[in-house]
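Please open the structure in a viewer and display both backbone and side chains. The tour below proceeds by selection, one stop at a time.

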Amino acid sequence: MPKPEVHVFVCSQQRPAGHPRGSCGEKGAMNLLQVFSEKLIASGLMNQVSLVATGCLGPCRAGVNVLIYPGGTWYMAVTPDNLDQIINQHLKAGSVVEELVAPDALWQ
Ligand code: FES
């Protein structure tokens, strides 16, 4: 496997229903990972992009959270419907999908 140029971290933390922090897992993170993987294969990016399931990234209520490096771009509330835009605009064309970026206020 070649060294990846991009790392995509998808929070897949699962917490019990009713947990006060919620979790990305309860918002469909595992399905998002599956669809993301299928779309990366279909787009021919699997050798350039490393798709990684992670534990909690912090702002759980905003999940599913997706963090992309280089650049540290943080996308919030990502659903499978957003993936074509993230792949085509961000991963292929190098342009951040501004409407999905998490605001700094999430960490305040
Ligand atoms: S559970 Fe995903 S950011 Fe905390």
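Select A77 in this predicted model. A77 counts as partly exposed because 15 C-beta neighbours lie inside 10 Å, whereas 20 or more would be required for a buried residue. Its backbone also deserves inspection: although A77 is not a glycine, its phi is positive, at about 50°. The residue belongs to the loop between β4 and α2 (83–92).

Move next to strand β4 (residues 73–75), which pairs with β3 in the antiparallel sense over 3 bridges. Within β4, select W74, which stands opposite L67. The two strands form a hairpin with 3 residues between them. In the turn, G71 shows a positive phi of about 110°. Then select P70, located in the loop between β3 and β4; the peptide bond joining Y69 and P70 is cis, with omega about 5°.

Now display the side chains of strand β3 (residues 66–69). Which of them are buried? V66 and I68 are buried and point to one face, while L67 and Y69 point to the other and are not buried. In a regular strand, side chains alternate between the two faces of the sheet.

Add strand β1 (residues 6–11), which runs antiparallel to β3 and is joined to β3 by 4 bridges. Among the residues to highlight here is V8, whose bridge partner in β3 is I68.

Finally, select G63 and V64. The peptide bond from G63 to V64 is cis, with omega near 10°, and V64 is found in the loop between β2 (49–54) and β3.

Definitions and conventions
Residues are numbered from 1 along each chain as its sequence is written. This is a predicted model: local features need pLDDT of at least 70, side-chain atom pairs count only at pLDDT 80 or more; totals for chains, interfaces and linings use all residues. A residue is buried if 20 or more other C-beta atoms lie within 10 Å of its own, exposed if 12 or fewer, and partly exposed in between; C-beta atoms are placed from the backbone. Two strands pair if DSSP finds at least two bridges between them.
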